Amino acid sequence: MDIKPLDTEQIGLKTLEKHLIRSKSKVSLKIGLPKEISNDERRVTLTPGGVSILKANGHEIFIEKGAGEAANFSDREYADAGAEMAYSAGDVFKKSELILKIAPLVKEEFELLEPDQALISALHMGSQTEEYLQALTDKSITGIGYEFIRGEDKEFPIVRMMHEITGSMSVQIAAHYLESMSGGQGIMLGGISGVPPATVVILGAGITGEYAARTALGYGAQVFVMDTDLTALRRLENALDRRIITAVANHQYLNTALKFADIIIGAAMAEGDRSPCWVTDEMVAGMKAGSVIVDTVIDQGGCVATSQPTTHSNPVYSQHDVIHHCVPNIPANVPRTATYALNNVIVPYILAIGDAGGVKECLWENVALRNGTYTYKKHITKKSLAKMFDKPYREIEMLIASQI
């Protein structure tokens, strides 16, 4: 008897469909998916399966031609799922009341915004501009950022999902750049008999740090995890059966650890704020030549002083003879996996908006999306964001209450 391999993508989709295809939503939403034009962004927010779920619940989906190609989803698949194909981003924006994106809008897209639209996308606070916020507030856009969406359980579901991918990928990337053909020291991440393994120092004991540690341990590396939060370090030690070494991320321990590290994974971050910069220029200068830094929080400003944003097409540079990989959107290099993961989180939120009767009504009922809102009715609604640009802000709860 022939045994066929499991199609895990289809299994996941069928499970989602089983729970989400039901009677039609209270209102029919017009949902737009423009093609991503940011550097090397290959993901798309919805899979064809996600489109079919939303369509079955009475919503209209407009997707720009070719939007899913980089993630290996064809226009035919989206059309068969019920999406209407559009031949330009302008057409998508014009027809839609809710825009779903991966990356923040770029300057060329500002003028495409329609008044009072809603936008759900990443925000990338570390590289955000006053011009971006002005474009959204001028047109009274309801901006909801992936980084801010947080439920009553205090979890950040989209952030967590992308951080799992980022943590695992960061170690694969670092292992590649340790090879001599990539300019590294020419060593393996895991040791062999008689030869010790590489040393991986992970800055931050959050989700990215955890999945980086799991992957590095899987390779056989020696793993150190550093954080300022002792509770997070204890949790990770217990989760990984004490196979890692932990230390408080103070100047003394950081300075010592970086001198013998072969790989630094930068994963120190503050939810909804810029990343703390733990590693100084002097510390990097003291590292071994040919060692590798992968700063996974560069989209939040980075946690290494020498980090500067790079792209998938030109991912690395050398400073102090240390290889730096600082790509803000690491999951974009596994776009199909990342798209399935994002689709599974975002579809229930879109259905919640439809069931509530619209975005405004849903913000009142849905804690996660309300927490995720950073612009509403011509106001900035996140204190940390307003502080970056010395702008006033209003609490989202007060703004919603005033509309009742």
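Here are legends for three close-up views of this predicted model.

**View 1. The cavity enclosed in the protein.**
Welcome inside: the structure holds 1 cavity of 30 Å³ or more. Its volume comes to about 370 Å³. Rolling a probe the size of a water molecule over the atoms shows where empty space is left. To find your bearings, look for H124, E147, M162, H163 and D299, the lining residues that lie nearest the centre of the largest cavity. In total, 26 residues line this cavity. Helix α7 supplies the largest share of that lining, with 5 residues. By character, the lining of the largest cavity divides into 13 nonpolar, 8 polar and 5 charged residues.

**View 2. A nonpolar patch on the surface.**
Now we move to the outside of the protein. Here M188, I192 and V195 make a nonpolar surface patch of about 300 Å². To place this patch along the chain, start with I192, one of its members. I192 lies in a loop, with α7 (157-178) on one side and β7 (199-203) on the other. You have met α7 already, as it gives 5 residues to the lining of the largest cavity.

**View 3. Val248 in its strand.**
Our last stop is a single residue, V248, found in strand β9, which covers residues 245-248. Is V248 buried or exposed? V248 counts as partly exposed because its relative accessible area is 30%, and the partly exposed range lies between under 20% for buried and over 50% for exposed. For a sense of distance, pair V248 with V106, which is 142 residues apart from V248 along the chain. The C-alpha atoms of V248 and V106 are separated by 39 Å.

Methods:
Residues numbered from 1 in each chain as written. Predicted model: local features only at pLDDT ≥ 70, side-chain atom pairs only at ≥ 80, totals over all residues. Heavy atoms only, no water. Patch = residues over 30% accessible without salt bridge, like charges linked within 9 Å, V, L, I, M, F, W, Y side chains within 5 Å. Areas by Shrake-Rupley, 256 points an atom, 1.4 Å probe, with all protein chains shown as cover. Salt bridge = Lys/Arg side-chain N within 4 Å of Asp/Glu carboxyl O. Helix = DSSP H or I, 4+ residues; strand = E, 2+ residues; numbered from the N terminus. 1 Å grid on protein atoms, 1.4 Å probe; cavity = no way out; pocket = protein on both sides within 12 Å on 5 of 7 lines; lining within 4 Å. Points joined across faces, edges and corners; volume = space filled by probe spheres on them. Nonpolar A, V, L, I, M, F, W, Y, C, P; charged D, E, K, R; others polar. Buried < 20%, exposed > 50% of the residue type's maximum accessible area, 1.4 Å probe, protein only.
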